[in-house]
Amino acid sequence: MNPYVIFWIPAALRLALIWIGAGVLWFYYGPMVGLLAALIAMTAIATMQLHYLYRLNIWLDVPDSEKLPDGWGAWNAVFARLYKLHREEEKSRAELNEWLARFKQAMNFLPDGVAILDNVLFLEWCNPIAERHLGLTLERDKGMRVTNLIRHPDFINYIILGRYDQPLTVTLRDRRIIVQIIPFENRRQILVTHDATDAERIDTMRRDFIANASHELRTPLTVINGFLEIEMTQPDLDPATRKDHMRMMREQGERMQMLVEDMLSLTKLESTDFSLRAERVNIAALLEQVQQEALALSGGKHNITLSVDGPDITGSIEELHAAFGNIVSNAVRYTPENGEITLRWKDTGSGPRFSVQDTGIGIAPEHISRLTERFYRVDKGRSRETRGTGLGLSIVRHVLLRHKGSLEIESQLGKGSMFTVIFPSTIIAE
Ligand code: ADP
């Protein structure tokens, strides 16, 4: 409504009423009574205004919208408007709080750390990932300068030089953390952190794998090239020596082929695009085949027995054949002549198990946890002598990972080893 109508018209009417009343009293009882009555009425109005001002003042101290004072005349309108303004402010504050809570929740789901720093690099806020990456506690560290919180010299240099266009990689609490500062409005800065430990480890593993594979391939190649050189420079070699050279070249060629095949198998098993082709596996048939292959590899030098007392499973026949075959061929290769090799398939109640026990050379305890690493061998000479690639147990580990199984190794140096594949009961075929 028009403020003119609200304020001035009632006020003018009130004044007119007072003066008319005073005029009437003046007329009947004389000027003193008329003026006194006017004075009393004016004082009453002024007191009332002061009373409402006082109540407004009290309310402003604690502006609780439910307890807004009732007013009279124009005060009614003033209080109503204040009430409306206050409700609107409360509503927008609630909306802001809700938005802030949503924003914080979203920040908590980010895989990377985010911290907000003020114009002098004091910590204003950070998400839990940044707390973890940088070793901070928001409640404790809020308002502290970031260079006092992260005291790594490389980080302090990064801040001093201010070359924020490039990220910085630092080791904080044994993790490799990529840190980048992004300036934004009002000279504030956002500090973004990313944990690159796993990515760096994979990168190092990949580099080591390439270096190891190149090294493994170079040895047979050097041998082959050496014999070829002899063949070319000494054409009149006697046939027996030449035959011997040919045989050795062939052996090295086969060795290279086995290496390449194992490397390709590993790459395939590791690839996430290569999904498991699961089918019913006739365990008795598969293990009999593995036993026959072991007998052929042993050439009658070992006693290899098999007992099957457990259910069929679901999985990839080809992959399980490779995994079981590798464990069994290791038992043959690392067990001296006349040794015993026992293959057992049984159900334990918590899932089926395949164990391969040998009476071979055994493994010292310090090597056991590393056997499934690529190219890890306890005795390089013996592994090569027996045509090992150093990748067999890595292949086993990957096949088992894909079948939700695990490998347990028990061994006693000089006495023998037992390799046990443990499957969950979910793998049992219906
Ligand atoms: P390799 O091709 O060299 O046999 P593997 O990955 O199959 O590679 O095995 C890794 C290493 O584990 C072998 O070099 C060997 O030292 C050790 N190993 C595996 N199986 C046995 C076993 N049954 N007895 C003794 N040592 C074993």
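These exercises work through a predicted model. Local features need pLDDT of at least 70, side-chain atom pairs count only at pLDDT 80 or more, and totals for chains, interfaces and linings use all residues. Residues are numbered from 1 along each chain, and side-chain values use heavy atoms, without hydrogens or water.

**Exercise 1. Check the span of helix H9 against its residue count.**

Step 1. H9 covers residues 239–270, which is 32 residues. Helices are DSSP runs (H or I, at least four residues), numbered from the N terminus.
Step 2. The expected span is 1.5 Å times one less than the number of residues. That gives 46 Å.
Step 3. The end C-alpha atoms are 46 Å apart, so the two agree.

**Exercise 2. Find what the buried residues of H9 pack against.**

Step 1. Buried means under 20% relative accessible area, exposed over 50%, partly exposed in between (1.4 Å probe, protein chains only).
Step 2. The buried residues of H9 include His-245, Met-249, Arg-255 and Leu-259.
Step 3. Their partners are helices H8 (197–233), H11 (317–333), H13 (380–385) and H14 (392–402).

**Exercise 3. Place Ile-422 and list its contacts.**

Step 1. Ile-422 sits in strand E12 (residues 416–422); strands are DSSP E runs of at least two residues.
Step 2. Its relative accessible area is 17%, so Ile-422 is buried.
Step 3. Beyond neighbours within four places in sequence, Ile-422 contacts Pro-352, Arg-353, Gly-405, Ser-406 and Glu-408. Contact means heavy atoms within 4.5 Å.
Step 4. Ser-406 is 16 residues from Ile-422 in sequence, yet 5.3 Å away, C-alpha to C-alpha.
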